[in-house]
Amino acid sequence: MTEPAARVWKKIALYYALTLAFSNVFNAFVLFGGRMDAGNLLYVTGAMWSPALAALATKRIFREPIAELPWKWGGARYAWLAYLIPLAYALPVYLIAWLTPLGGFLDPVFLKHTAEQFGWSNFPPSLVLALFVVFTATLGLVGKTSRALGEEIGWRGFLVPELSKVVGFTGVSLISGLMWAVYHFPVLLFADYNKGAPAWYSLACFTLMVVADSFILAWLTLRSKSLWPAAIFHGSHNLFIQSIFTPLTRDTGPTKYVIDEFGIGLVVTIGIAAIFTWRWFVRPRYVA
């Protein structure tokens with residue numbers, strides 16, 4: 001039996017209200033501390049797991065089994081796509097920045113700090129750089145995905161399947177993307193979750209990027225019927241951009257307007273990926 005649309009929208013509204021209520025408790029601690037790493041990232045972890053708590057609470061309130069969430073693995077194909085797609089859309093942006101006056105490659109201060117942090121002070125710089133990238137791109141995914149999982153249980157595990165009951169793929173992607181973006185606004189506007197560009201510019205670029213990413217994430221979730229590819233994708237996105245590419249980039253002035261989640265570069269590359277995803281998902285399929 002088809003679930004009434006009114007009931008679905010009520011669940012979505014409750015889920016979002018709970019997500020904002022839970023996450024803003026942790027955001028308040030971040031804002032009080034003035035930076036995202038306040039509390040040794042425990043506040044950020046709490047905020048990122050708030051969508052999961054909201055999804056579980058909503059299921060409980062509506063007396064629906066938590067087992068209905070798409071917990072199954074989803075297959076190795078989607079897992080690898082989830083890991084590699086963020087690398088594919090991020091690397092061109094940073095290559096352009098590194099090879100032009102828009103930015104520079106490898107801040108010596110960062111490399112020196114990394115060598116000291118990892119115990120590699122006696123290693124040549126090229127080896128330090130190579131080991132940093134390898135260790136971060138592999139083992140670093142564990143920590144990033146563990147936090148991203150909290151968001152993805154909510155955004156893609158709960159919200160996307162619920163939205164798909166009442167709107168089409170375009171609506172699912174746009175609505176979930178806008179809801180996801182707004183959830184980040186407090187720390188983007190009032191903490192240090194940006195790279196120094198004007199607030200209006202950072203907000204616009206971030207929102208467009210998140211909505212574009214939501215097309216890819218909705219596709220991964222609906223095709224795999226699993227929330228795990230979305231969690232890996234989210235972790236991979238944060239990993240390559242926040243932990244590898246941006247730290248390796250030297251600011252030459254216009255850099256902050258181009259790179260990271262608050263620059264125009266990712267808006268362009270992820271936007272292109274979103275268009276291809278949308279066209280592939282909604283194109284007519286004919287049976288011979």
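Which residues is Ser 226 in contact with, leaving aside its neighbours within four places in sequence? I looked that up before anything else. I found Pro 70, Lys 72, Trp 73, Gly 74 and Thr 221, taking contact as heavy atoms within 4.5 Å.

A note on the ground rules. I am working from a predicted model, where local features need pLDDT of at least 70, side-chain atom pairs count only at pLDDT 80 or more, and totals for chains, interfaces and linings use all residues. Residues are numbered from 1 along each chain as its sequence is written, and side-chain values use heavy atoms, with hydrogens and water left out.

**Entry: Ser 226, continued**

I placed Ser 226 in the loop between helix H8 (199-224) and H9. My helices are DSSP runs (H or I, at least four residues), numbered from the N terminus, as are strands (E, at least two). Ser 226 has 0% relative accessibility, so I logged Ser 226 as buried. For that word I use under 20% relative accessible area, with exposed over 50% and partly exposed in between (1.4 Å probe, protein chains only).

**Entry: salt bridges**

I counted a salt bridge whenever a side-chain nitrogen of Lys or Arg is within 4 Å of a carboxyl oxygen of Asp or Glu. That rule gave me twelve salt bridges.

I went to Glu 64 next. Glu 64 pairs with Lys 11, with the closest N and O atoms 2.8 Å apart. This pair links distant parts of the chain: Glu 64 is in the loop between helix H2 (42-61) and helix H3 (76-99), while Lys 11 is in helix H1 (residues 5-33), 53 residues apart. Are the two partners buried or exposed? Glu 64 is at 12% relative accessibility, so Glu 64 counts as buried. Lys 11 is at 1%, so Lys 11 counts as buried too.

Glu 64 also forms a salt bridge with Lys 59, and there I read 3.0 Å between the closest N and O atoms. Lys 59 is buried at 4% relative accessibility. Lys 59 meets Glu 68 in a salt bridge as well, 2.9 Å from N to O. Following shared partners, I ended up with one network that joins Glu 3, Arg 7, Lys 11, Lys 59, Glu 64, Glu 68, Glu 162 and Lys 165.

**Entry: aromatic rings**

I paired rings of Phe, Tyr and Trp (its six-membered ring) if their centres lie within 6.5 Å; planes under 30 degrees apart are stacked, over 60 edge-to-face, and the rest tilted. Searching the whole structure turned up 25 aromatic pairs.

I picked out Tyr 94 and Phe 245, whose ring centres are 5.2 Å apart with planes at 35°, so I called the pair tilted. Tyr 94 is in helix H3 and Phe 245 in helix H9 (residues 228-245), so many places along the chain that the pair links distant parts, 151 residues apart. Both Tyr 94 and Phe 245 are buried. They belong to one aromatic cluster with Trp 80, Tyr 83, Trp 98, Phe 105 and Phe 240.

I also looked for charges over rings (NZ of Lys or CZ of Arg within 6 Å of the ring centre and within 35 degrees of the ring normal). The charged end of Arg 77 sits over the ring of Tyr 78, 5.1 Å from its centre. Arg 156 has its charged end over the ring of Trp 180, 4.2 Å from the centre.**Entry: helix H3**

How does the span of H3 check out, and what should its 24 residues cover at 1.5 Å a residue? They should span 34 Å, and the end C-alpha atoms are 35 Å apart, which agrees; the expected span is 1.5 Å times one less than the number of residues. I noted a kink of about 25° at Leu 84, shortly before the proline Pro 86. The bend at a residue is the angle between axes fitted to the seven residues ending there and the seven starting there. Buried residues in H3 include Tyr 78, Ala 82, Pro 86, Tyr 89 and Val 93.

**Entry: Ile 244 and Leu 18**

I found Ile 244 in helix H9, buried at 2% relative accessibility. Not counting residues up to four places away in sequence, Ile 244 touches Phe 132, Val 133, Thr 136, Ala 137 and Leu 239. The C-alpha atoms of Ile 244 and Gly 140 are separated by 9.9 Å, and the two residues are 104 residues apart along the chain.

Leu 18 lies in helix H1 and counts as buried at 17% relative accessibility. Neighbours within four places aside, Leu 18 is in contact with Ala 54, Ala 57, Thr 58 and Ile 61.
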